[in-house]
Amino acid sequence: MKKIVIGFGGTSTSDGGVGILRALGAKFLDSFGNELPDGGGALLNLQKIEFNIEPKIKDVEFILATDVDTKLLGVNGAIVTFSPQKGADENALEILTKGIENLARIIKKATGVDIDSFVGGGAAGGIAATMAGVLGAKIISGAQFIIEKNNLDELIE
């Protein structure tokens, strides 16, 4: 099995991972069956996801190295915590929050997975939560990954 490690941190995304899943073949549809436009605000109109993920992806183990332990939703969630840092005002924050909540609800309905349950799932505007829930990606501490990969404990001694 192939392994891909992706480092998440310092992004300005708030689309809950829709962009990356779309690039892998998924379709995000409104009530008329039309594909949603890009951006987190469009998630308010999400009604259905077609998980037409590229078959080769099923043979890939994704490791997501994050710099936060923030979950996707709630008062300490990704949107509330990070979107204002990226310039979202109160109106945008409300739209993005409702959109991400809608995305999480539809993913849970389709897959049975609560993407808000993942510690670190709020990384990169929720990309980590969605990849963990839909692709089975493993979320790990980026710092711990670097420490282990470079044998920093031994080097420090």
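**Salt bridges and overall build of a predicted chain**

By the distance rule used here, the count comes to 3 salt bridges in this predicted model.

Student: R22 forms a salt bridge with which residue, at 3.9 Å between the closest N and O atoms?
Tutor: Happy to start there! A salt bridge needs a side-chain nitrogen of Lys or Arg within 4 Å of a carboxyl oxygen of Asp or Glu. At 3.9 Å, the closest N and O atoms of this pair belong to R22 and E35.

Student: How many residues apart in sequence are the parts that R22 and E35 tie together?
Tutor: Look at where each one sits. R22 lies in helix α1 (residues 18-23), while E35 is in the loop between β2 (27-29) and β3 (48-50). The pair therefore ties together parts separated in sequence by 13 residues.

Student: And which residue meets R22 in a salt bridge of 2.6 Å?
Tutor: This partner also links distant parts of the chain, sitting in the loop between β2 and β3, 16 residues from R22 in helix α1. Its relative accessibility is 66%, so the residue counts as exposed. The side chain that meets R22 at 2.6 Å, N to O, is that of D38.

Student: Why are E94 and K98 separated by about one helical turn?
Tutor: Their side chains meet in a salt bridge at 3.0 Å, N to O. Both residues belong to helix α3 (residues 90-111). The separation is about one helical turn because the two are 4 residues apart in that helix.

Student: Is E94 buried, partly exposed or exposed?
Tutor: Buried means under 20% relative accessible area and exposed means over 50%. E94 has a relative accessible area of 43%, so E94 is partly exposed.

Student: Which residues do salt bridges with shared partners join into one network?
Tutor: Follow the partners of R22: one salt bridge goes to E35, and another goes to D38. The network is made of R22, E35 and D38.

Student: Stepping back, in what order do the elements of the chain run?
Tutor: There are 6 helices and 5 strands to place. Reading from the N terminus, the order is β-α-β-β-β-α-α-α-β-α-α.

Student: What radius of gyration does the chain have?
Tutor: For 157 residues, a compact globule would come out near 15 Å. The C-alpha trace spans about 60 × 40 × 25 Å along its principal axes. The chain's own radius of gyration agrees with the globule value, at 16 Å.

Student: What share of the residues count as buried?
Tutor: The accessible surface comes to about 8,700 Å², with 51% of it belonging to carbon and sulfur atoms. Of the 157 residues, the buried share is 39%.

Key. Residues numbered from 1 in each chain as written. Predicted model: local features only at pLDDT ≥ 70, side-chain atom pairs only at ≥ 80, totals over all residues. Heavy atoms only, no water. Rg over C-alpha atoms; globule rule 2.2 N^0.38 Å. Buried < 20%, exposed > 50% of the residue type's maximum accessible area, 1.4 Å probe, protein only. Areas by Shrake-Rupley, 256 points an atom, 1.4 Å probe, with all protein chains shown as cover.
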